[in-house]
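Welcome! Here is a short briefing to help you find your way around this structure. Take a look at it first, then read on.

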2 protein chains.
Amino acid sequence: MTLRETERRQFLRLASAIGGGVLLSHTAAAAQVARAEGRAESMTLFEALEKRVSVRRFRSDPVPRQDVEKILRFAQLAPNSGNQQACRFLVVDDRKILAGLRQECVRGREAVLRARGEDIPQIQEMKGYFEGVFAAPVFILVLVDKNVQYKGYTDKDGSLAAGWILLAARALGYASVFFTDSISEEICRSFFKLPERYSRTCIIPIGVPAEWPARPPRKALQEVVFLNTINA
Amino acid sequence: MTLRETERRQFLRLASAIGGGVLLSHTAAAAQVARAEGRAESMTLFEALEKRVSVRRFRSDPVPRQDVEKILRFAQLAPNSGNQQACRFLVVDDRKILAGLRQECVRGREAVLRARGEDIPQIQEMKGYFEGVFAAPVFILVLVDKNVQYKGYTDKDGSLAAGWILLAARALGYASVFFTDSISEEICRSFFKLPERYSRTCIIPIGVPAEWPARPPRKALQEVVFLNTINA
């Protein structure tokens, strides 16, 4: 759903009249309203860190190109080894291409499930999973050029840039997820004919979430922090 | 410099009386004032992404434990593979231990420089470099437990958690840097007797910066972004 300017204003008036915070939540309209009001820009860092969760089921509402560009401009600010800037970003928003990629994912996974002797419900579930994932209108492949002076840091650089993408997307009201094996490097490599010089850190769908799921629980700090010495 | 509550109030009054925005900038006092006023909490995500730069020269002003704890609580929210939570954090704020680590870094680097036949000025410069780095009162080693079910993602997870640390530190007014070889994994492994099961993603000094340097220039977006197809 994309609102025209007049519709947007009407929507804002209406939403404010009915105090529609709940009604608005998690829709493209809400993201648009948030952007229109400058709220997206003002999401605090701590709020973004709190609110970013991995989402695997999207709505098909569009993500405008200027938002993708903004996200990528921030990704460019992530720290990287020796300012080599080995990261490359393959943005995919062509619906036909995405449909083809989804087909490849389903085909690959179906072969695995059938070989394992899984039942039709499992296969249907898998198809539903990819339907939810590929409802997202934009995917960003984070690639790193292995053809750089200081090797061995590129996957760290790719992960950092990916993290910046997840957060910038969140502040703009979009959901995302850092995918590795769900849409494997191998499938991406053959589907997009990725040149050998690039390795792929991850692929990130970006879109309006079907819902914002709860974050899986984390360990208590004392389980993961050592102070001054490690006694494990 | 740590201010007591009464000193802090006096300082705030004084600062406000003289309109001391410039005077205050980049000092521990400024960070304290920012925290006292809740400004740290309200740094926007985009501001944090813009303002985070790699800093290698610190002041010795303290970083309170509760700030380190806060930073680590946010690091725990970073995405990770299958919620395995393989990341571990070794916080080092013992001055003697840090002095020992610095000595190891200097010794290792001096041996390399002497073997290369470098002159005394180079060696002095290197020592000055580590003096600037180790003025930081807190270091966090980001470790990942290799002893997990899904292997092969841990360095990505470590890098993401490290990114969250850099950003959370920035919002609290602190500088940091993602170090790999400047303080090598090998030195850390032997100095801290890191168990074999942990690999080290990076080590991050956290402190008040001597100054906020400019970010090294980044490539234009069109040099790093491909749209729908890769033609490299």
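Two strands count as paired if DSSP finds at least two bridges between them. With that in mind, B:Ser176 has B:Ile206 in β4(B) as its bridge partner. Please keep in mind that this is a predicted model.

**How the two chains relate**

- A turn of 180° and a shift of 0.0 Å along the axis lay chain B on chain A with an RMSD of 0.0 Å.
- The two copies are therefore related as by a two-fold rotation axis.
- Both copies use the same surface, as 100% of the contact residues of chain B recur in chain A.

**Where the chains meet**

- In chain B, 57 residues are in contact with 57 residues of chain A.
- On the side of chain B that touches chain A, the elements giving two or more residues are α4 (45–51), α5 (65–75), β1, α8, α10 (221–224) and β5 (225–227) of chain B.
- Which element gives the largest share of that side? It is α8(B), with ten residues.
- By character, the residues on the side of chain B that touches chain A are 34 nonpolar, twelve polar and eleven charged.

**A sheet built from both chains**

- Five strands form an open sheet with mixed pairing, in the order β5(A)-β1(B)-β2(B)-β4(B)-β3(B).
- At its edges are β5 (225–227) of chain A and β3 (175–176) of chain B, each of which pairs on one side only.
- The bridge partners named at the start belong to β3(B) and β4 (residues 198–207) of chain B, which pair in the antiparallel sense over two bridges.
- Pairing between the chains also joins β1 (residues 87–92) of chain A to β5(B), in the parallel sense and over three bridges.
- Within that pairing, A:Phe89 has B:Val225 in β5(B) as its bridge partner.

**A helix across the sheet**

- Helix α8 (residues 154–171) of chain B lies across four strands of chain B, namely β1 (87–92), β2 (138–145), β3 and β4.
- Helix α8(B) runs at about 10° to β4(B).

**The nonpolar core**

- The largest nonpolar core has 111 residues.
- Which of its members touch the most others? They are A:Ile165, A:Ala168, A:Ile204, B:Ile165, B:Ala168 and B:Ile204.
- Leaving out residues up to four places away in sequence, B:Ala168 touches A:Leu49 from chain A, along with B:Lys70, B:Ile71, B:Phe74 and B:Ala75 from chain B.
- As background, nonpolar side chains in soluble globular proteins tend to be buried together.

Technical notes
Residues are numbered from 1 along each chain as its sequence is written. Chains are lettered from A and ligands numbered from 1 in the order in which they are written. This is a predicted model: local features need pLDDT of at least 70, side-chain atom pairs count only at pLDDT 80 or more; totals for chains, interfaces and linings use all residues. A nonpolar core is a set of buried Ala, Val, Leu, Ile, Met, Phe, Trp, Tyr and Cys residues joined through C-beta atoms within 7 Å. A residue is buried if 20 or more other C-beta atoms lie within 10 Å of its own, exposed if 12 or fewer, and partly exposed in between; C-beta atoms are placed from the backbone. Two residues are in contact if their C-beta atoms, placed from the backbone, lie within 7 Å. Axes are lines fitted to C-alpha atoms, for helices over the stretch in contact, and angles run from 0 to 180 degrees between N-to-C directions. Copies are superposed by least squares on the C-alpha atoms of residues with pLDDT of at least 70 in both. Ala, Val, Leu, Ile, Met, Phe, Trp, Tyr, Cys and Pro count as nonpolar, Asp, Glu, Lys and Arg as charged, and the others, Gly among them, as polar.
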